[in-house]
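Trainee: I would like to learn how to read a structure that is new to me, feature by feature. Could you take me through this one slowly?

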Amino acid sequence: MFEAFKSIFTEEQINAARKLYNGLSVEQRMWMSGYLAGLNQSGGFLAPTPGEPANQHKDLQARTPIDLTILYGTHTGNSKLIAEKFASIAKAQGIQISLSSLPDYQNRKLKEEKNILLIVSTHGEGEPPAAAEDFYAYIFGKKAPQLKELNFAVIGLGDSSYIHFCQTGKDIFFQLKALGALAVHDLIELDVDFNDKLDGILSQLVQQYTSINGAPGSGIKTEHKEATPADTKLWTKAEVLDKILLNGKGSEKETYHFEFDIENTNLTYKPGDALEVIARNNETLVEAILKKLGIKESESIEINGESIAIHEALITKLEITTISPQVLKKFAEYTPNEELKRILQDASLLKDFLYGIDFLDLLNTYPVQLSAKDLSRLLRKLHARLYSISSSYDYNPDEVHITVSKVSYSLYDREHLGICSAFLADRINIGDHVLIRVKPNEGFRLPDHQAKVIMVGAGTGVAPFRSFLQQRKNDKAQGNNWLFFGDQRFATDFLYQSEMLDYRDKGILEGLDVAFSRDQAEKIYVQHRLKEKGQEIYQWLKEGAYFYLCGDKNKMAKDVKNELIGILEAYGKLSNEEAKAYFKELQLKNRFQEDIY
């Protein structure tokens, strides 16, 4: 290859190029490669000069097309949607694409790959999603190959409000580098509000792959705007048709049923999807923050090139009710506090400290001088909140429903409120309008009409199952349905009680098992009801039933999954390892699906 290089360039040119190349960072080298290729494509840099034979550069144009394998490990479907969008952009640039989910990919083929893009979410406490577990174990295992011929990039999806933000993406990125592969781009970490910048990121990645392979055609069409359900920027201003408090008198909870008018709109959805709702921060909290910092409400700052009063920015643009690890790290730059530094260095301390606090708590705990401009730099963008849709579009084509539990708790001797749940519960009434948008959840879908369905939800975790039951009723599905529901008290907290009893009476629900934890001395939860019906559950699973779980991920979801594995052990006569393998197979076949939060 070097001899061919010498046949084209003079020794002086080679030395000049080597000197320039050695002085560049990896990112600069890749950018320069793409820049030169782009100029060549446009004919402005490497095109023949007047009088120069056109065929002198013929060999530069006859490159072999790039082959790129795109692998995705999805939980809600976002990774798949991004993979498909990238594939569309890359194909338009002449790249040959092979697209596969990680469970369908043969890991041993990895050593034969030249270019791959991995798109993967993070699950639980920094763990890979079920779809990525085998690939993750393979590259960290003894059979992992050396990958010195591989060019790769990793897109990690996560939520920066969690400590282990994009952890699976980080782990895979650095392990592939350790195996000798070349990263064509730094790890790309996408937060919950990634949609607005996705086009630019994907176009840049296409250019990087084109550049690193030395192929022409890197003049990227950054105007590519092929819309998908995941990145549409259109919001619907929907009127509230109904608002119903679902809890009875004396309940410790406030759970509301909201119905929004979507008639004469383009908004559609499927059972399992979520609804994004845009809320406004509480004015009392905003005013307390500005008072603490001595900042005038009218003082202007700039956000995304637009001038806005700091008071309005804190109400509508900036996140103040939750503190992410990234925000805390930025905050620490404004204070030399040693305790805060120690917290940031200890994941356990950090998790405990961040739990439930808002920005005012942070200012009260570690007083610091901040300007209005500092706040715009420090705080995250305020993003929409998600609620599982509790209606079927086919059953209610002019409406979309959600079930909202108001978040309210005491911390540091003052009341804290959930930004969106309190916004809806306290400030939104029938006739008001709210900005909403559907967020698809491809990882939580109903099976065919013949399959049996087991649904387990606690509290507002019943929401998607109301949607499921409406859809199954509408479709006249033949498969049986079984609901396990839990909450605090039967008399006050049996959400959608009359509807569920009616479904049972009409045979749409073959089974309805409830657990009300505070109606007796010993607390009873949904996992206890599962254990009681273990043999029947196992029989349903043997007959091909699908198992759905919705609710709190920290406690309830873990307990339910552990109980399900116990049922597989007890009634399938399996060892613990065999039961876990059976459970994983259910996950990979989409017969176990969860929507946890």
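**Reading strands, helices and a core**

Mentor: Let us begin with a single pair of residues: tryptophan 482 has glycine 511, in β19, as its bridge partner. Please keep in mind throughout that this is a predicted model.

Trainee: How many bridges join β18 to β19, and in which sense do the strands run?

Mentor: As a general idea, the strands of a sheet pair through backbone hydrogen bonds, and the pairing is either parallel or antiparallel. Here β18, which covers residues 481-487, is joined to β19 by six bridges, and the two run parallel.

Trainee: What is the order of the strands in the open sheet?

Mentor: The sheet has five strands in the order β19-β18-β17-β20-β21, with parallel pairing. Because β19 (511-516) and β21 (592-596) each have a single partner strand, they stand at the edges, and one side of each is left without a neighbour in the sheet. Neighbouring strands of this sheet are turned against each other by 10° on average, if direction is ignored.

Trainee: Which strands does helix α17 touch where it packs on the sheet?

Mentor: Helix α17, residues 463-475, touches β17 (453-458), β18 and β20 (546-551), and its direction makes about 150° with that of β17.

Trainee: Which strands are joined to β9 in the antiparallel sense?

Mentor: Strand β9, residues 274-277, is joined by four bridges to β12 (residues 385-388), and the two run antiparallel; within this pairing, leucine 275 stands opposite tyrosine 387. Four bridges also join β9 to β16 (residues 433-439), again in the antiparallel sense, and there alanine 274 stands opposite lysine 439.

Trainee: Are the residues on the two faces of β9 buried or exposed?

Mentor: Both faces are covered, since Ala274 and Glu276 on one side are buried, as are Leu275 and Val277 on the other.

Trainee: How should I read a hairpin, such as the one formed by β10 and β11?

Mentor: Look at the pairing and then at the turn: β10 and β11 (residues 306-309) pair in the antiparallel sense over four bridges, with isoleucine 303 having glutamate 306 in β11 as its bridge partner. Two residues lie between the strands, and asparagine 304 in the turn has a positive phi of about 55°.

Trainee: Which residues touch the most other members of the largest nonpolar core?

Mentor: Of its 37 residues, these are Leu314, Phe331, Phe359, Leu370 and Leu375. Among the elements that give two or more residues to this core are β10 (300-303), α10 (310-316) and α14 (359-365), while α9 gives the most, with five residues. Leaving aside neighbours within four places in sequence, phenylalanine 359 is in contact with residues including Ile289, Phe331, Leu370 and Leu375.

Trainee: How many residues of helix α16 are buried?

Mentor: In general, an α-helix has 3.6 residues a turn, so residues three or four places apart point the same way. Helix α16 (residues 419-427) is mostly covered, with seven of its nine residues buried, among them Ile419, Phe423 and Leu424.

Trainee: Where is leucine 147 found, and is this residue buried or exposed?

Mentor: Leucine 147 is found in the loop between α6 (133-140) and β4 (151-157). Because its relative accessible area is 2%, and buried means under 20%, leucine 147 counts as buried. Not counting residues up to four places away in sequence, leucine 147 touches Leu110, Lys111, Leu176, Leu179, Gly180 and Ala181. The C-alpha atoms of leucine 147 and leucine 110 are separated by 8.0 Å, although these residues are 37 apart along the chain.

Key: Residues are numbered from 1 along each chain as its sequence is written. This is a predicted model: local features need pLDDT of at least 70, side-chain atom pairs count only at pLDDT 80 or more; totals for chains, interfaces and linings use all residues. Side-chain values use heavy atoms; hydrogens and water are left out. Buried means under 20% relative accessible area, exposed over 50%, partly exposed in between (1.4 Å probe, protein chains only). Contact means heavy atoms within 4.5 Å. Two strands pair if DSSP finds at least two bridges between them. Axes are lines fitted to C-alpha atoms, for helices over the stretch in contact, and angles run from 0 to 180 degrees between N-to-C directions. A nonpolar core is a set of buried Ala, Val, Leu, Ile, Met, Phe, Trp, Tyr and Cys residues joined through side-chain atoms within 4.5 Å.
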